[in-house]
Amino acid sequence: MTHTSHIAVLGGGSFGTVIANMVAEKGLPVRLWMRDAERVEQINRERCNTRYVPDYPLAASLEATADLSYALKGAEVVFLSIPSHAFRSVLRQAVIDLTPEQMLISTTKGIETESFSLMSEIIADEVPGARIGVLSGPNLAKEIARRQLTATVIASQDEALRSRIQQLLHSPYFRVYASTDTYGVELGGTLKNIYAIAAGMSAALGMGENTRSMLMTRALAEMSRFAVSMGANPMTFLGLAGVGDLIVTCMSPLSRNYRVGYALGQGKTLDEAVSVLGEVAEGVNTLHQVRDKASEMNIYMPLVMGLYEVVFTGAPVTEVARSMMVNVQSSDVEFVLPRDACAVSGAGPSSSQ
């Protein structure tokens with residue numbers, strides 16, 4: 001497959017639109033698929049996705065379409081920016097038009113409720129033998145749309161895929177690093193949504209910078225503890241997809257998860273918080289799933305357990321926060337490399353454009 005074929009992006013939300021346009025701005029043909037034919041027509045007519053990224057002009061080589069087959073046939077790379085709850089069903093519709101040489105890149109941060117599957121695992125289930133990659137990092141779409149300096153991670157076992165995605169997305173304002181730890185990168189992007197809810201809640205309660213620092217650091221410890229139990233590399237969480245994404249999501253009022261937490265901290269119920277947003281933040285579902293899995297596997301996650309009580313059982317926020325302060329492990333850093341390993345670890349498996 002040559003590099004003259006088009007790029008497909010499935011999902012016309014804010015991040016899908018931004019990814020599609022970044023590629024289209026290089027003059028490459030891009031087909032952006034979404035279900036809503038009226039929105040497709042509006043985007044093609046007005047050259048702007050007014051619902052998700054207004055004031056972001058779309059390049060001439062970007063074409064919106066409601067025809068899934070048209071979007072997929074002949075595409076070199078397919079970016080999947082579908083919400084996690086619809087990810088598998090869209091993939092099942094798409095599989096008839098996919099070919100083994102196509103690169104399938106998930107940008108979705110979430111866990112499938114029924115199976116506890118990450119999106120890369122759903123791709124592997126539904127498209128056996130597919131070339132799979134995961135794109136994750138501190139990537140607020142509205143900032144990328146304003147061309148503010150941003151970095152991300154492409155994770156895959158496929159070296160040629162990593163290289164191609166770095167080449168495809170690299171620009172003066174968007175830098176792409178590489179990793180072989182697909183599972184760790186994907187888990188980092190998924191788990192941080194939980195702690196963004198806690199960060200928003202603490203902000204609403206007027207807690208200070210010391211509290212926020214402690215919250216994010218202990219969140220990182222919990223994330224890596226959980227991920228290692230699931231087979232990921234703890235060192236991945238020191239990178240963009242771990243601590244990088246955690247920082248931006250826990251500090252930005254642009255994050256839906258942060259805004260849900262802020263509403264909860266103001267005393268609103270979960271239903272009231274969600275109604276203000278108009279949609280369920282991904283972290284709400286992830287919190288439920290991770291809490292159940294942590295309980296099942298006996299993984300120590302006090303922030304997750306406490307937050308679950310606040311979000312789903314209506315426990316008083318201040319009471320839960322107080323109980324967590326007396327219920328913490330004494331060790332600070334759990335995953336420490338032996339001194340001789342530190343000397344040879346170097347840059348690890350990651351590289352950048």
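Is Asp 245 buried or exposed? At 2% relative accessibility, Asp 245 counts as buried. Keep that residue in mind as you look through the close-ups of this predicted model.

**View 1. Lys 109 and Asp 245 meet in a salt bridge.** Here the side chains of Lys 109 and Asp 245 pair up, with 2.8 Å from N to O. Find Lys 109 in the loop between strand 5 and helix 5, and Asp 245 in helix 10 (residues 240-251). The two partners are 136 residues apart, so this pair links distant parts of the chain. Lys 109 has a relative accessible area of 19%, and it counts as buried because the cut-off is under 20%.

**View 2. Glu 76 and Arg 164 form another salt bridge.** The N to O distance in this pair is 2.7 Å. Glu 76 sits in the loop between helix 3 (68-72) and strand 4 (77-80), while Arg 164 belongs to helix 7 (residues 159-169). Once again distant parts of the chain are linked, this time 88 residues apart. Both side-chain partners, Glu 76 and Arg 164, are buried. As a general reminder, side chains of opposite charge can pair when their charged atoms come close.

**View 3. Glu 112 forms a salt bridge with Arg 88.** The closest N and O atoms of this pair are 2.7 Å apart. Glu 112 lies in the loop between strand 5 (103-106) and helix 5 (119-126), and Arg 88 lies in helix 4 (residues 84-94), so the salt bridge ties together parts that are 24 residues apart in sequence. Glu 112 is buried at 9% relative accessibility, and Arg 88 is buried too, with a relative accessible area of 13%. Now widen the view a little: salt bridges that share partners join Arg 88, Arg 92, Glu 112, Asp 125 and Glu 126 into one network. In total, the structure holds 15 salt bridges.

**View 4. Arg 47 has a positive phi without being a glycine.** Its phi is about 55°. You can find Arg 47 in the loop between helix 2 (37-46) and strand 3 (62-65). With 23% relative accessibility, Arg 47 counts as partly exposed.

**View 5. Asn 298 also has a positive phi, although it is not a glycine.** For Asn 298 the phi is about 55°. Look for Asn 298 in the loop between helix 13 (282-297) and helix 14 (302-313). Is Asn 298 buried or exposed? Asn 298 is exposed, because its relative accessible area is 72%.

How values were computed. Residues numbered from 1 in each chain as written. Predicted model: local features only at pLDDT ≥ 70, side-chain atom pairs only at ≥ 80, totals over all residues. Heavy atoms only, no water. Helix = DSSP H or I, 4+ residues; strand = E, 2+ residues; numbered from the N terminus. Buried < 20%, exposed > 50% of the residue type's maximum accessible area, 1.4 Å probe, protein only. Salt bridge = Lys/Arg side-chain N within 4 Å of Asp/Glu carboxyl O.
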